[in-house]
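Welcome! Please have a look at the model below, then work through the exercises at your own pace.

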Amino acid sequence: MLAKDIAQRYRQITQSVAHACAQVQRSPDDVLLLAVSKTHPADNVLATYTAGARDFGENYVQEGVEKIEVFDELQPDNQAVWHFIGPLQSNKTRPVAEYFDWVHAVDRLKIAQRLSEQRPASRTPLNVCIQVNIDDQASKSGCTPVDAVELALQIVALPNLNLRGLMAIPAPIDAQADETVQRAPFIALRTLFERIKQQLPAEHAARFDTLSMGMSDDYAQAIAAGSTMVRIGTAIFGARQYPQ
Ligand SMILES: *Cc1c(COP(=O)(O)O)cnc(C)c1O
């Protein structure tokens, strides 16, 4: 896709997100749009950056690190914020701790401990969200809602992490179902978020402010349920092409 087409799609989705906010009496300023650029080159990231995007989501460690390096050359002194949103294996935590600003899919203590240990002292604490398997899908990563409470209390004790909230990837929405059904997993994540926030020590509760939920096909329902970060890939960059 041409840079101008990507920029145009980015602006369109920004408007659609603002519209989804207005429909439920929320301010568009309360929902951050993450441009999910996995499988797409740094040039495409730059097209959205030029159109105003600042937050970018990556799923794969190697691809993400290379893209950040290329992007930094294309756009020196940039204000980009990089979010690692994919599943993370414990032997790949170091480059993520070094290159990224956020990690959305922390689902066990071992990963959190390694990220905290490997976060360079020169950088601010790494922002993290706990990924919760909110609708109990057998195939999905993420901890159980019960384990998320315990994990949150453990993460806030780690020095180089900043626990920001929860993330989930519910099963694809059923277009035939009514809105109550479509919103149910997002509302469940929000309810859990509020429960955890109440249990955190006050200084950590104050920084626990993020519900990372909603993608290209379901962001309106996620926003209606209280999402503060939507992760949008296809609607901006088009379909992904995976290597054979
Ligand atoms: C790929 C991906 C997205 C973006 O999905 P789209 O449907 O293309 O918008 C969002 N979140 C995660 C965790 C992803 O892996």
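**Exercise 1: Two cysteines**

Cys 129 is buried, with a relative accessible area of 0%. Keep in mind as you go that this is a predicted model.

Task: Find out how many disulfides the structure holds, and why Cys 129 has no bond to the closest cysteine sulfur.

Solution:
- Start with the partner. The cysteine sulfur closest to that of Cys 129 belongs to Cys 143.
- Check its surroundings. Cys 143 also counts as buried, at 7% relative accessibility.
- Recall the bond itself. A disulfide joins the sulfur atoms of two cysteines covalently.
- Apply the cut-off. A pair of sulfur atoms must lie within 2.5 Å to count as a disulfide. The sulfurs of Cys 129 and Cys 143 are 12 Å apart, so they are too far from each other for a bond.
- Conclude. The structure holds zero disulfides.

**Exercise 2: Packing inside**

Task: Work out which residues have the most contacts inside the largest nonpolar core, and what Val 103 touches.

Solution:
- Begin with the general idea. Nonpolar side chains in soluble globular proteins tend to be buried together.
- Look at the core. The largest one has 66 residues, and those with the most contacts inside it are Val 103, Leu 115, Ile 130, Ile 155, Leu 163, Leu 166 and Ile 196. Helix H1 provides the largest share of this core, six residues.
- Zoom in on Val 103. Leaving aside residues up to four places away in sequence, Val 103 touches Phe 84, Leu 88, Val 96, Leu 115, Leu 126, Asn 127, Val 128 and Cys 129.
- Now turn to helix H6 (residues 145-155). Its residues Ala 148, Val 149, Leu 151, Ala 152 and Ile 155 are buried. Their cover includes strands S4 (102-106), S5 (126-131) and S6 (161-167), together with helices H5 (109-118) and H7 (179-199).

**Exercise 3: Two pockets**

Task: Describe the largest pocket: what is its volume, and which residues lie nearest its centre? Then do the lining of the second largest pocket: how many nonpolar, polar and charged residues does it have?

Solution:
- Take the largest pocket. Its volume is about 580 Å³. Of its 29 lining residues, Lys 38, Lys 140, Ile 169, Met 215 and Arg 240 lie nearest the centre.
- Sort that lining by class. It has 15 nonpolar, eight polar and six charged residues.
- Move to the second largest pocket, with about 160 Å³ of space. Among the residues lining it are Tyr 10, Thr 14, Arg 54 and Asp 55.
- Sort this lining too. It divides into eight nonpolar, two polar and two charged residues. H1 gives the largest share, four residues.

How values were computed. Residues numbered from 1 in each chain as written. Predicted model: local features only at pLDDT ≥ 70, side-chain atom pairs only at ≥ 80, totals over all residues. Heavy atoms only, no water. 1 Å grid on protein atoms, 1.4 Å probe; cavity = no way out; pocket = protein on both sides within 12 Å on 5 of 7 lines; lining within 4 Å. Points joined across faces, edges and corners; volume = space filled by probe spheres on them. Nonpolar A, V, L, I, M, F, W, Y, C, P; charged D, E, K, R; others polar. Helix = DSSP H or I, 4+ residues; strand = E, 2+ residues; numbered from the N terminus. Buried < 20%, exposed > 50% of the residue type's maximum accessible area, 1.4 Å probe, protein only. Contact = heavy atoms within 4.5 Å. Core = buried A, V, L, I, M, F, W, Y, C linked by side-chain atoms within 4.5 Å.
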